[in-house]
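Welcome! Please take a moment to look over the sequence and the 3D view before reading on.

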Amino acid sequence: MSSRTAMRSATSVSRGGHGPLVEYSGVSVSYGELVAVNNVSFSVERGEILCIIGPNGAGKTTLLRMTSGLLRPTGGQIWFEGLRIDTMPAHRIAALGATQLFQDIQLFDNMSVLDNVMTGAHVWSDGGLIGSSLRLAAIVDEERRIRRAAVEQLSLVGLTGVLHEFPAALSWGERKLVGLARALLCRPTLLLLDEPYGGLDTEEIDRLSRMLRTLKSEGMTILMVEHLTDVVMDVADRVVVLHYGEMLAEGTPDTIREDERVIATYLGD
Amino acid sequence: MTPIVARAKARASRLVPMPRVPRLALILLAVVAALPLVGNAYILSVLIKVGLHAVIAMGLVLLTGLAGQVSLGQGVFFGTGAYVSALLVLKTGVSPWLALPLAAATSGLLAAPIGRAILRLKGIIVAGVTLTVNLIFFYLVVSLSGLTGGATGLSQIPRLEYPRIMPYTTFVFYVVWLIAVVCLILSVNIAASRVGRALKSVNLLGGGSEDTAQVLGIDVMHFKVAAYIVAAVFAGVAGSVYAHYTSVIEPHTFSVQTSVLVAIMVILGGVTNPWGAIVGSALIVGLTEFLREVAPIVLGGPTGAYELVAYGVVLVATLLFLPSGLCSLPARIEEWRRGRRL
């Protein structure tokens, strides 16, 4: 099986539909006096890689957390797959097809690599308490399917031989890959990545970029926060620039690279 | 075979339990089956205590070891099982065998709203609040003397109906250990399933992360409450059997001391291992009986004078040398042997 075909079978399913996949409409969030995100409006098109850039404190991670449901906006609306999600709990948004990979990965240290990745299948499997405790045949079948999918996903991200290791035994790069494999096993339509390139060496950066392009070619939509501007300009279809919680610019990498306001406030000469 | 029959057969085959019975569980069953042949009534009564505490402790392994929710209030559900079962039989005359599942279900039903309220809290505060709930339960049972018999409790609780081919203690021994083995198998199955992974993912004490769990589609509160209910049902079953075994129940049996003791059992045995519940309760119940019977003769002093000191010493020693509990001993020995070979 080619890696691309395998990636399709094991990861994203583009759910079709019309119009943008995600829409932010006047989204704001404030903590008392501090306004972290102020009246931000833009949309994420289906099947694109959209990168959010900006200096520290610009509100990039806050925007991702609002999208995954971990943070409620104090104003505005967020729409995903035509449904308003800014008041939904995070697990329901995940069930709709959006999952997030955190900057610090947050692998479950009390589980093996395999179990970590298998947790990604939670959203599309349905073994309940009674069936699991009685170990019904249907549950056993489902567990086998999940295990197979997890092993396949790990091999797709290039990790084999660490299935039964615990996260503490992995390098930073390996942890990132396990986190990515786990997120991909959710079979998301929208993948939210918070600084996925942080802490990776040049070879790992190239490998991750290739993976993201493959996922995009399979129809997955990726919304990513990233500091490495060279990488952003390389992989992104469009870029949104935030500055102190406000939207400074939006456009293709070439447009952003030449935007004077962006150069003055963020990119520099 | 018609397609309808084939479909029905396929559907039925998906509902066939495929229990994962570890070899050790089979050995345990064999030992349990043989013990009444060699043990006297006193030994069997001690082993009944071990089995009942192990059942409560297994619930705590799921709740604390897997889901990371520390409870110092399992006495509430142990007591609910005992009182509901005793009252059902005494007041309505139903069979104790019918009262047992009803009492366990009542414990589970009581746990649902309590769990929903308590498990919004995080960390050690959960332990404090569960302990407080246990205190409230204790004073409630003492206060509602018209129903519960107050501080003196209830007596003359009918026994479980049993075949008269063996003594009642032997029969209860088999019942208790059958329940313990069933709870062990259920716990092992849960731990190795999708539900087990969801519980581990919300375990902040063990390295889980609620944020990550949520973005992976896990309803954090649902699974925490589910673990709380299962632990309550286990404790309720133990409470019901206890009531019909001893025929007498009083509030002190279900006090905070019992809850703390069960928590100590779990820590000693190994908080993440259902087997640890059996090991921990065997150690604590065995130690208690030894100190109660032997220590006053050898060392002098009143009965029970050494229990708290002994619990403390055993707990500190275990935490120092085997922080993952006694069940981790074989793995530690293997590590040590490997180290020597290198």
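What follows is a short tour, from the overall build of the chains to a few local details.

**The two chains at a glance**

Please keep in mind that this is a predicted model. Let us begin with the make-up of each chain. Chain A contains 11 helices and 10 strands, whereas chain B has 16 helices and 0 strands.

The overall dimensions come next. For the 269 residues of chain A, a compact globule would be expected to have a radius of gyration near 18 Å, and the value of 19 Å agrees with that. The C-alpha atoms of chain A fit a box of roughly 60 × 40 × 35 Å along the principal axes. Chain B has 342 residues, for which a compact globule would come out near 20 Å; its radius of gyration is 21 Å, which again agrees. Its C-alpha trace spans about 65 × 60 × 45 Å along the principal axes.

How much of each chain is buried? In chain A, buried residues make up 46% of the 269 residues, and in chain B 49% of the 342 residues count as buried. Contacts that reach far along the sequence are also part of the picture. Taking contacts with a separation of 6 or more in chain A, 69% are between residues 24 or more positions apart. For chain B, 77% of the contacts between residues at least 6 apart join residues at least 24 apart.

**Strands in chain A**

Chain A has an open sheet of 6 strands, in the order β6-β7-β8-β3-β9-β10, with mixed pairing. Its edge strands are β6 and β10 (246-251), each of which pairs on one side only. From one strand to the next, the twist averages 15°.

Within chain A, several strand pairs are worth finding in the view. Here are three of them, each with its bridges and direction.

| Strand pair in chain A | Bridges | Direction |
|---|---|---|
| β1 (residues 22-31) and β2 (residues 34-44) | 7 bridges | antiparallel |
| β1 and β4 (residues 75-80) | 5 bridges | antiparallel |
| β3 (residues 49-53) and β9 (residues 238-243) | 4 bridges | parallel |

Some individual residues help to locate these pairs. V27(A) stands opposite V40(A) in β2(A), while V22(A) stands opposite F80(A) in β4(A). In the parallel pair, L50(A) has R238(A) in β9(A) as its bridge partner. What lies between β1(A) and β2(A)? The two strands form a hairpin with 2 residues between them, and G32(A) in the turn has a positive phi of about 65°.

A helix accompanies the sheet as well. Helix α2 (residues 60-68) of chain A lies across β3, β6, β7, β8 (221-225) and β9 of chain A, and runs at about 150° to β7(A).

**Where the chains meet**

In the contact between the chains, 34 residues of chain A touch 32 residues of chain B. On the chain A side, α3 (90-96), β6 (98-101), α4 (113-119), α5 (129-134) and α6 (137-156) each supply at least two residues. Of these, α6(A) gives the most, with 5 residues. By class, the chain A side divides into 17 nonpolar, 13 polar and 4 charged residues.

C186(A) is a good residue to look up here. Its place is in the loop between α7 (172-185) and β7 (190-194) of chain A. Is C186(A) buried or exposed? It is buried, because 25 other C-beta atoms lie within 10 Å. Leaving aside residues up to four places away in sequence, C186(A) touches A94(A), T99(A), G120(A) and V123(A), along with L216(B) and G217(B) from chain B.

**Helix packing in chain B**

Two helix pairs in chain B round off the tour. Helix α5 (residues 96-118) and helix α11 (residues 220-246) of chain B pack at an angle of about 145°, with their axes 7 Å apart. Their crossing is right-handed, and the contact holds 16 nonpolar, 8 polar and 2 charged residues.

Helix α12 (residues 256-269) and helix α13 (residues 274-293) of chain B pack at about 115°, with their axes 7 Å apart. Here α12(B) passes α13(B) in a right-handed crossing. Residues taking part include L261(B), I264(B) and M265(B) in α12(B), which meet α13(B) residues including G276(B), A277(B) and I278(B). This contact has 10 nonpolar, 4 polar and no charged residues.

Notes. Residues are numbered from 1 along each chain as its sequence is written. Chains are lettered from A and ligands numbered from 1 in the order in which they are written. This is a predicted model: local features need pLDDT of at least 70, side-chain atom pairs count only at pLDDT 80 or more; totals for chains, interfaces and linings use all residues. The radius of gyration is taken over C-alpha atoms; the globule rule is 2.2 Å times the number of residues to the power 0.38. A residue is buried if 20 or more other C-beta atoms lie within 10 Å of its own, exposed if 12 or fewer, and partly exposed in between; C-beta atoms are placed from the backbone. Two residues are in contact if their C-beta atoms, placed from the backbone, lie within 7 Å. Two strands pair if DSSP finds at least two bridges between them. Ala, Val, Leu, Ile, Met, Phe, Trp, Tyr, Cys and Pro count as nonpolar, Asp, Glu, Lys and Arg as charged, and the others, Gly among them, as polar. Axes are lines fitted to C-alpha atoms, for helices over the stretch in contact, and angles run from 0 to 180 degrees between N-to-C directions. A crossing is left-handed if the near helix is turned anticlockwise from the far one by less than a right angle, and right-handed if clockwise.
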